[in-house]
Amino acid sequence: MKTLKKLLVLVCIGCLGYGVSKLLHKEWAQEKLFGILGEDTYLTVLDKVRLLGDLLMWPVDFVRALLP
């Protein structure tokens with residue numbers, strides 16, 4: 001039961017990260033964040049979100065690379 005809860009939490013975190021990633025790719029969201037945060041902070045946040053997306057997607061990419 002504990003492993004199921006942990007898996008559910010990981011799935012929720014993954015979905016949240018995916019949603020944030022998709023939101024940051026919208027042009028209007030990028031403009032608002034750029035205006036609120038400023039250039040340096042915006043680029044830092046964007047870089048960290050992309051890194052997090054890469055870290056979350058590496059198992060999927062690894063399996064895709066193994067498939068013929």
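**Close-up views of a predicted model**

Y42 is buried, with a relative accessible area of 8%. The legends below refer to a predicted model.

**View 1. The aromatic pair of F34 and Y42.** A search of the whole structure yields two aromatic pairs. In one of them, F34 and Y42 meet edge-to-face, with 5.6 Å centre to centre and 85° between the planes. Whereas Y42 is buried at 8% relative accessible area, F34 is partly exposed at 41%.

**View 2. The aromatic pair of W58 and F62.** These two rings are also arranged edge-to-face, at 6.5 Å centre to centre and with 65° between the planes. Because W58 and F62 are four residues apart in helix α3, about one helical turn separates them. W58 is exposed, its relative accessible area being 52%, while F62 is partly exposed at 48%.

**View 3. A nonpolar surface patch.** W58, F62, V63, L66 and L67 make a nonpolar patch of about 580 Å² on the surface. Of these residues, W58 belongs to helix α3, which covers residues 39–66.

**View 4. Helix α3 and its bend.** The helix comprises 28 residues and reaches 39 Å from its first C-alpha to its last, close to the 40 Å expected at 1.5 Å a residue. At M57, α3 bends by about 50°. A proline, P59, follows M57 within four residues.

**View 5. A29 in helix α2.** A29 is located in α2, a helix of residues 27–37. With 7% relative accessibility, A29 counts as buried, since the term applies under 20%. A29 and D40 lie 11 residues apart in sequence and 16 Å apart in space, C-alpha to C-alpha.

Notes
Residues numbered from 1 in each chain as written. Predicted model: local features only at pLDDT ≥ 70, side-chain atom pairs only at ≥ 80, totals over all residues. Heavy atoms only, no water. Patch = residues over 30% accessible without salt bridge, like charges linked within 9 Å, V, L, I, M, F, W, Y side chains within 5 Å. Areas by Shrake-Rupley, 256 points an atom, 1.4 Å probe, with all protein chains shown as cover. Salt bridge = Lys/Arg side-chain N within 4 Å of Asp/Glu carboxyl O. Helix = DSSP H or I, 4+ residues; strand = E, 2+ residues; numbered from the N terminus. Buried < 20%, exposed > 50% of the residue type's maximum accessible area, 1.4 Å probe, protein only. Expected span 1.5 Å × (residues − 1). Bend = angle between axes of the 7 residues up to and from the residue. Phe/Tyr/Trp six-rings, centres within 6.5 Å; stacked < 30°, edge-to-face > 60°.
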